[in-house]
Structures are given as C-alpha cells and as structure tokens.
Amino acid sequence: MGRTAVVVGGGIGGLASGVALARRGWDVTVVERATSLDPVGAGIAVAPNAVRALDALGVGHATRDLAALQGEVGLRRPDGRWLLRSRAEDSASLFGDRTLLLHRAQLVGLLADALPVGSLRLGTSAVVTDPGTTARPARVALSGPSGPADLDADLVVAADGIGSATRTRWWASAPAPVPGGSTAWRFVAPPVPGLVGSETWGRGIVVGVAPLADGRVYSYVSVAEAAGIPADLGELRARLADWHDPIPALLASIDDGAVLRHELRRLPDAPASLAAGRVALVGDAAHAMLPNIGQGGCQALEDAVVLGVRVGPEDDVAAALQHWSAERRPRVRQVMRMSARVAGPTLWTSTAAVAARDAGMRALGRWTATLGARALQPVLSWHPPEP
C-alpha cells in the first residue's frame, strides 16, 4: 500500500484535494461528517483561474459543457439604470478562459465522482490528534458507522471550513473568524426569459442575478448590518419591492425553505503558515474571505491543485508542505485583501456616499471597468504549476 493521505472535509476544497493527491499517487481517504453529499447550496461562479484548476484535476471538460456567463453583464442601480456594463465574452479574451456558473451541487458531484472508488467516507467525523513531524506520521481519530478508529497518516489535509477545529487546535496564534458586516440570502429561482446577469448596488444592499445552465436563476442578496437586517424573507421582499425587474418577482417565486441565509464571516488574515507538521490547511480553513470577487471556492481549487503538484508520496512531507505554504500564502492573502476592499463600498448606507459612489462609476464608465479588470488580472490569469 502507498503512502496515505487523510482529507478532513468533503466540500469543494477537500474533494479537490483528494482528487489532486490521488492523481499524484497518494492512497487517499476523504472524510465527511455529513451522511450524504445532497444537492444543497446555490450557485458558484467558477472563474478562469479555477476553470484551469479543474482542467488539472481532469474535470474541466465536464464543467465547460455547463453554463458560462454570456452576453451583457455589469452593475446596476436599484432603479435598473446601469452603472457599469460590459460583455462576459470580453473577460474570456482578457483572462484566457470563460467564467462558468454552476449549481454548487454540480461541482461537488463532479469532484466526488473523480475520487478513487471507496475513498470517500460519509457520516464520519475526524479529529487531528497529532499533526506529526518529519520523523513521525500524523494521527487522526475517526468516528463513524464502523465505530471509532485511529489512523496514522503521512499527510493530512484540513478542509474543515471557516470554523476549522484543526486550525483552532494546532494553529494557536491563527486569527479567529470575524464578522463580514452583512448577512446574505442565496437561492435558485425558476427561469426568467431574457434574464441579463447583473449585480445591483443600493444603500447597504447588493442583489446578484445570473442564469444557470438549465435556465433557472441563481440569485443572492446581501444586506449590511448598518442597513438593518430583515427579520425574515417577507421583510426582505418588502425592502426590495421597488427594485428593478426581475428582483421582486424572483423573491416572490421562492419560499423560506428554498433560501440559505448566513451571516457573512471572514478570516482577517491567513495563518503565519498554512502547514503544521504533516497537516495542510486549505480553502476556508486557511483563508476564508468575503464573496465579493467570487474567489473563495476558486482559491480552494488552486490550493488543492498546487498541493498535488508540490507534495508527492516520495517527498519529505513536512518540508514539502512548508514550501507549498510559502507559495500559496502570499497569493491567498492578496486575494483576501482585494475581496475586503471591494466589499467596503457595498456596505455604505449614507445617501451622500452612495450617490458619490454611483456617480463616480457612471462618470468613469469603461475606464473604471478597465481598472477593475487590470486589478483582477493577476488573480484570474493564474495557471497551475507544471508537475
């Protein structure tokens, strides 16, 4: 039997890590405490950098058969007037690939199917009881349908989310999550003929709409704490009743059970190292960020791909993980900071500040869009490293 890797967490980062390591020759076990990978969640934008990460994992061809953002996109005011607009195809030529818009369950399913048969253990919790050293394997305590078990692992990937118990236990000095300043609702609504993908900015409220491959609409609403958080979906509908079409109709087409509501949180910084002993932190466990540039899941995919390239079953794992961390940490910190900067103006509630923000975007128009594209260039033009 080859050297063993245990991945804690069956989300996008954990599944991708399992696929990347298995392709490199690791004997992989992915542990997920949920009893099934049900089709929950809403949409996810897979930016060009993440599309190339999926190529490296062998599932890029399948994702390209699904929906890509097309046609006119941009930012709007609540009355429907455009602040900025462009065509989605322009970014494809600029960044080297299209942005794909998938239901999150589709992406999870593709990654799970790419794992070796039998490597995914559902309904099983895992605790890293020893991170290991160069001379000693890591140790993971499992609890699941087969009863408790202790596993030695040559490598452990902690993909256990923003509240990561692994980070809390073994990264004592790592920053704890902090509030992001807003609460978000996410849902998938019935099709809307002729829908144009857009994001609408109001006073402390942002609404995004985009078509999925099957014609349904992925939508999200974020409301800043300073704007007052609606108590329920009915209050949210009332708050947005006079916003442009199709926003009121989308909200009217769903019920409470179809909506995910979460207070947005983030990590204020990445840990000083993304590795401890033989344990690597990936995805939200390492660098949870606000969703404003759509890179949370994308960076988790990058983490996984680079991990698979840089840490082979023949390597000194502890040393290789430190090199991997040194490569990944500066990049994810850059993306975290960019996400926080973009989030700032979406939280403004002052009438004067919002009017100035909107007037500036309209006046600068294409120049503002060009600056934004240049700022995103280093993020979206990323390519996986060569093996």
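Throughout these legends, contact means heavy atoms within 4.5 Å. This is a predicted model, so local features need pLDDT of at least 70 and side-chain atom pairs count only at pLDDT 80 or more, while totals for chains, interfaces and linings use all residues. Residues are numbered from 1 along each chain as its sequence is written, and side-chain values use heavy atoms, with hydrogens and water left out.

**View 1. Gln295 and its surroundings.** Gln295 sits in the loop between α9 (284-287) and α10 (296-310); helices (H or I, at least four residues) and strands (E, at least two) are DSSP runs, numbered from the N terminus. At 1% relative accessibility, Gln295 counts as buried (buried means under 20% relative accessible area, exposed over 50%, partly exposed in between; 1.4 Å probe, protein chains only). Setting aside neighbours within four places in sequence, Gln295 touches Ala47, Asn49, Met289, Val335, Val379 and Leu380.

**View 2. Pro230 in its loop.** Here we're between β15 (217-224) and α7 (233-239), where the loop holds Pro230. With 0% relative accessibility, Pro230 is another residue that counts as buried. Beyond its neighbours within four places in sequence, Pro230 is in contact with Trp185, Val223, Glu235, Leu236, Arg239 and Arg261. Don't look for Arg278 among those partners: its C-alpha atom is 44 Å from that of Pro230, and the two residues are 48 apart along the chain.

**View 3. Helix α1 packed on helix α5.** Helix α1 (residues 12-24) meets helix α5 (residues 104-113) at an angle of about 25 degrees, with the axes 9 Å apart. Axes are lines fitted to C-alpha atoms, for helices over the stretch in contact, and angles run from 0 to 180 degrees between N-to-C directions. The pair is therefore roughly parallel (under 35 degrees; over 145 is roughly antiparallel, 65 to 115 roughly perpendicular and the rest oblique). From α1 come Ile12, Leu15, Ala16 and Val19, and from α5 come Arg104, Leu107, Val108, Leu111 and Ala112.

**View 4. The open sheet, with α1 lying across it.** Six strands line up as β7-β2-β1-β11-β18-β17, with mixed pairing; two strands pair if DSSP finds at least two bridges between them. At the edges are β7 (120-122) and β17 (275-276), each pairing on one side only. Strands β1 (residues 4-8) and β11 (residues 155-158) run parallel over four bridges, and Val8 has Ala158 of β11 as its bridge partner. Helix α1 lies across β1, β2 (27-32), β7 and β11, at about 170 degrees to β2.
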